[in-house]
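Biologist: Please take a close look at the surroundings of the ligand in this model. Which residues and elements form the shell around the ligand, and which polar contacts reach it?

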Amino acid sequence: MIHDFNYLRATTVKETLNLIDKHKDDYKIICGGQSLLILMRQGLVAPEHLIDIKNVQELDYIQFDQRKGLKIGATTTHREIEKSALIKKHCNVLVGMEENLASVQTRNWGTIGGNLAHADPAGDPGPVFIAMNAAVKIANKERERTLLLDEFFSDYFETALEDNELLLEVQIPIIPPKTAIAYEKFNIIKNDQGIVSVAASITVDRDGLSCIDARIVLGAAAPIPMRAKKAEQMLVGKKLTDRMLDRVGERASEEADPVDDIHATEAYRRNLIKSLTKRMVKKAWSQAKALT
Ligand SMILES: Cc1cc2nc3c(=O)[nH]c(=O)nc-3n(C[C@H](O)[C@H](O)[C@H](O)COP(=O)(O)OP(=O)(O)OC[C@H]3O[C@@H](n4cnc5c(N)ncnc54)[C@H](O)[C@@H]3O)c2cc1C
């Protein structure tokens with residue numbers, strides 16, 4: 001049963017931040033409600049004030065700048081990202097990620113800001129954004145700040161957002177030359193959340209023979225999307241061989257901290273992490289090599 005609440009609708013960022021400030025003792029932001037309403041229905045969250053930002057249109061945008069890269073406003077829906085020509089041109093990995101995220105109905109209403117702020121360890125955008133070194137812009141009534149997404153997630157369903165802060169946008173820097181990003185999740189039911197997921201970003205040298213930079217991010221493999229940093233280090237300065245791929249997959253699987261639950265055992269998840277890491281590194285490497 002959902003407890004009674006005071007419903008407040010904002011139409012601008014300024015109005016939202018004022019409402020947050022006024023009701024900071026007991027409020028919740030709602031946007032698409034795709035995650036929050038489940039928690040409210042289960043009685044896990046019962047805010048006195050619900051501040052609806054779905055109509056804050058100034059946060060509904062996708063922009064690209066040659067120097068700064070992509071910016072996605074917090075109230076942008078998953079479906080808008082999936083269908084955006086700018087995203088397709090400059091960050092195609094997000095299209096594939098979104099196509100496999102939930103149903104069209106959920107993608108039509110759920111937003112990128114809501115997804116990140118909800119901080120589900122099995123969320124799809126987190127690992128991909130971290131692989132791309134993305135940041136988030138955050139504000140309260142007094143100030144704005146920018147935080148790398150790598151530092152945004154703090155625990156299961158917990159973020160670095162302070163009690164009075166609103167997530168404004170995701171910032172994705174320009175993807176460096178000869179760099180490709182691959183992402184895949186393993187799920188049992190199509191478009192459901194992943195049992196585990198892996199995002200890999202690989203930068204290769206001009207000839208595509210050696211790895212210059214690597215970022216490997218595991219989803220649903222720990223309380224937060226996590227970098228497999230030891231596995232990444234194994235790749236830098238090296239040539240790709242089957243033996244190397246095996247060792248990188250193994251290392252990522254050792255670094256992970258997966259749970260044992262009704263969806264999969266810990267051992268099964270570790271095996272999946274190994275296979276998916278190998279597959280994503282190989283895929284990103286070959287895509288990066290093919291880039292001119
Ligand atoms: C059936 C189903 C399947 C799903 N499958 C997947 C999946 O496969 N992969 C995946 O990644 N996700 C999945 N999801 C989750 C879905 O992507 C998210 O629920 C959605 O993106 C959340 O956005 P929202 O606007 O609905 O957020 P809301 O539910 O409105 O809010 C979620 C949380 O974020 C906070 N919040 C929202 N916006 C802001 C903001 N701008 N600043 C600060 N805090 C904010 C709210 O207070 C709340 O705590 C699924 C959801 C459903 C219902």
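Modeller: The description below deals with the ligand site. The model is predicted, so local features require pLDDT of at least 70 and side-chain atom pairs count only at pLDDT 80 or more, whereas totals for chains, interfaces and linings use all residues. Residues are numbered from 1 along each chain as its sequence is written, and side-chain values use heavy atoms, with hydrogens and water left out.

There are 32 residues around the ligand (a heavy atom within 4 Å), and those that come nearest are Ile29, Ser35, His78, Thr111 and Asp124. By class, this shell holds 13 nonpolar, 15 polar and four charged residues; Ala, Val, Leu, Ile, Met, Phe, Trp, Tyr, Cys and Pro count as nonpolar, Asp, Glu, Lys and Arg as charged, and the others, Gly among them, as polar.

Polar contacts are pairs of N or O atoms within 3.5 Å. The side chain of Asn115 places an N or O atom 3.0 Å from a ligand oxygen atom, and a polar side-chain atom of Lys28 lies 3.4 Å from an oxygen atom of the ligand. Asp192 contributes through its backbone, where an N or O atom is 3.5 Å from a ligand oxygen atom. The protein buries 88% of the 980 Å² that the ligand exposes when taken alone (Shrake-Rupley method, 1.4 Å probe).

Two or more residues of the shell come from each of β2 (27–30), α7 (112–118) and β10 (166–172), these being DSSP runs (helices H or I, at least four residues; strands E, at least two). Helix α7 gives the most, with five residues.

Technical notes:
A polar contact is a pair of N or O atoms within 3.5 Å; within protein, one must be able to donate a hydrogen and the other to accept it, and residues adjacent in sequence count only if both atoms are side-chain atoms.
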